[in-house]
Amino acid sequence: MDYKELLARARTKIPEQLSDGERFKVPEPDVLYEGKTTVLRNFGNIVDTIRRDKEHFLKYLLKELGTPGTLDGTRVIFQTKIPSAKISERVSNYVETYVICSECRRPDTHIVKDDRTTTIVCDACGAKRPVIARKARAELPKVSVGNVIEISIDAIGQKGDGIGRIEGFTVFVPGAQKGTKLNVKIKTISGKLAFGEIAK
Ligand SMILES: [Zn+2]
């Protein structure tokens, strides 16, 4: 038996988590922009490394990034443009939340679910902890009551109000002149119509 064979034989006797643990490194997202979409080219690679359910991981990313997207083989296509740093951050958050053991910092864990709780169990040290998903920061839409936003007034309505369009909303601003750009405080919202006043 030569050295290589010996080595190979020795490896098969080492539990996987011991041979892999120290080298655990999540691949950096490999991102490509195609038109208005963002392609995460190494999604499959990342999933293989973290050994979690790909549907779960994908769902998490879509929710956290606030974008629609689909699996395309081993890639994921997000339907909006997302900076790769943002994807990186969300991947790290996922790994912290669902993969890394908080006791020994190893990735050799698995997820146990029952009706109420999701628990992460460490195969290396035996620690168990409930998974506490960090709440996604609710990003307020810019057009919301009380917000002051900059709007270009590009039309005048029948009653003389200035009208601007932003984020799919039509905003009416009494006293605003056509062709101006001003800060408007949103007073009320009704469907896709908003009413504001010129902010002082
Ligand atoms: Zn552990």
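I began with a single pair of residues: I111 stands opposite I120 in β6. The model I am reading is predicted, and I keep that in mind for every entry below.

**Entry 1: the sheet around I111**

I looked up how the strand pair is built. β5 and β6, the latter spanning residues 118-122, pair in the antiparallel sense, and five bridges join them. I then asked which strands complete this sheet. I found an open sheet of three strands, ordered β5-β6-β7, with antiparallel pairing. β5 (109-113) and β7 (128-130) are its edge strands, each pairing on one side only. For the turn between neighbouring strands of this sheet I noted an average of 25°, direction ignored.

**Entry 2: the chain as a whole**

I turned next to the overall tally. The secondary structure of the chain comes to five helices and 12 strands. Of the 200 residues in the chain, 20% are buried. I also looked up the contacts with a separation of 6 or more: residues 24 or more positions apart account for 41% of them.

**Entry 3: helix α3**

Which residues of α3 are buried? In this helix, residues 43-50, I recorded F43, I46 and I50 as buried. Viewed down the axis of α3, the buried residues fall within an arc of 65°, so they line one face of the helix. I then checked what they pack against, and found β2 (37-40), β4 (75-78) and α5 (84-98). After the helix comes R51, and I noted that its phi is positive, near 55°.

I followed I46 separately. Setting aside its neighbours within four places in sequence, I found I46 in contact with V26, P27 and V91.

**Entry 4: the nonpolar cores**

I asked which members of the largest nonpolar core touch the most other members. The core has 16 residues, and the ones I listed are L40, F43, I46, V76, F78, I87 and V91. Regarding its sources, I noted that α3, α4 (54-65), β4 and α5 each supply at least two residues of this core. I also recorded a second, separate core of 11 residues, with I149, I153, V171 and A176 among them.

Reading Entries 3 and 4 together, I see that F43 and I46 are buried residues of α3 and also appear in the list of core residues that touch the most other members. V91 is in that list too, and I had already noted V91 as a contact of I46.

Definitions and conventions
Residues numbered from 1 in each chain as written. Predicted model: local features only at pLDDT ≥ 70, side-chain atom pairs only at ≥ 80, totals over all residues. Pairing = 2+ DSSP bridges. Axes fitted to C-alpha atoms, helices over the stretch in contact; angles between N-to-C directions. Buried ≥ 20, exposed ≤ 12 C-beta atoms within 10 Å, placed from the backbone. Arc of directions from axis to C-beta. Contact = placed C-beta atoms within 7 Å. Core = buried A, V, L, I, M, F, W, Y, C linked by C-beta atoms within 7 Å.
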